[in-house]
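Student: I'd like to go through the ring contacts in this one with you. Can we start from the model itself?

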Amino acid sequence: MHPLVPLLAAFVTGAVFSGLYDMGRGTLLVLVSCSLLPIIVSRIRKRPFSRIHAAAPFFFIGALFVIPYLRPEFPAGHIVNFVRHEGRRELPGATFLPATLEGSVVNDSEFTGERTRLAIEAERILSGGVWKNTSGAVQLSVNGRAGFEAGDRIRFTAGLKEPYNYGNPGEFDYVRYLKLKSVFVTGFVKDAGLIERVEAAEGGTLERHRKRIRDLIDSSNARNKEFLKALIIADKGGIPPSEKEAFNRTGVAHILAISGLHVGVVALFAYSAALFLLK
């Protein structure tokens, strides 16, 4: 067995353990220091030490690694602080804040069939009639399709809140999923027409090209148009849930994603065509 395998296993186990049990940063730092003592003593006395001695610090380092994602220390102007301090209680543990926000789109819009999801990096918030600087990621949901691309600066009024779980037995831990993406605030806008594009992305035309390809496929007589859009432009929003479930159950859902295999096929075709023309 490779000597790094036990250390990797200890690191991963520590990260999983920290996600399940709430351990403070200070406690973990003390444990890391204590776990290093046997190694330091062995080195001083010039004695060999076992892998178990090395696995312990890696376990606690792994536990320490995920704390910035699951239990971060927010700066004063972080968007989550505005939601907590100025919002109203909606459910136990959840606070709701209607607010006007301005920020930059981080990723191209993702259409899920009924709604569009946008990842926003918050920049300014209208608080008490005054624009204030803020920071932090916001996951924005919009009814229908909203065509924005990475780099667009937008302004919108939405209901902002901290994500929460419903507490049902065996439910998906949505809060933890968002935390690992550094998202601590979500928002909702009823219609894309309520979102103002303040500044378009510089030189960014990816979303416009995707729209042209989407319109071309929709206007064609091709069969399985929704699957073609998923394979070509990563637009899976039009695939019926029953069809998605069928792909998931048969273990071939990866076919609907743009993968290295698909890119490799396109690259091989382009290379072969270029080579043929040059010859």
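Tutor: Sure, one definition to begin with: rings of Phe, Tyr and Trp (its six-membered ring) pair if their centres lie within 6.5 Å. Keep in mind that this is a predicted model.

Student: How many aromatic pairs does a search of the whole structure find?

Tutor: Every pair has to meet that centre-to-centre limit of 6.5 Å. Searching the whole structure on that basis, the count of aromatic pairs is 8.

Student: What kind of aromatic pair do Phe17 and Phe59 form?

Tutor: Phe17 sits in helix H1 (residues 4-20) and Phe59 in helix H3 (residues 51-65), so the pair links parts of the chain 42 residues apart. Their centres are 5.7 Å apart, with 50° between the planes. Planes under 30 degrees apart count as stacked and over 60 as edge-to-face, so this pair is tilted.

Student: Which residue do ring pairs link with Phe17 and Phe59 into a cluster?

Tutor: Phe17 is partly exposed at 31% relative accessibility, and Phe59 is partly exposed too, at 22%. The cluster joins these two with Phe60.

Student: Why is the pair of Tyr174 and Tyr177 stacked?

Tutor: Both lie in helix H6 (residues 174-179), 3 residues apart, about one turn of the helix. The ring centres are 6.4 Å apart. The pair is stacked because the planes meet at 25°.

Student: Is Tyr177 buried, exposed or partly exposed?

Tutor: Buried means under 20% relative accessible area and exposed means over 50%. Tyr177 has 39%, so the label is partly exposed.

Conventions
Residues numbered from 1 in each chain as written. Predicted model: local features only at pLDDT ≥ 70, side-chain atom pairs only at ≥ 80, totals over all residues. Heavy atoms only, no water. Helix = DSSP H or I, 4+ residues; strand = E, 2+ residues; numbered from the N terminus. Buried < 20%, exposed > 50% of the residue type's maximum accessible area, 1.4 Å probe, protein only.
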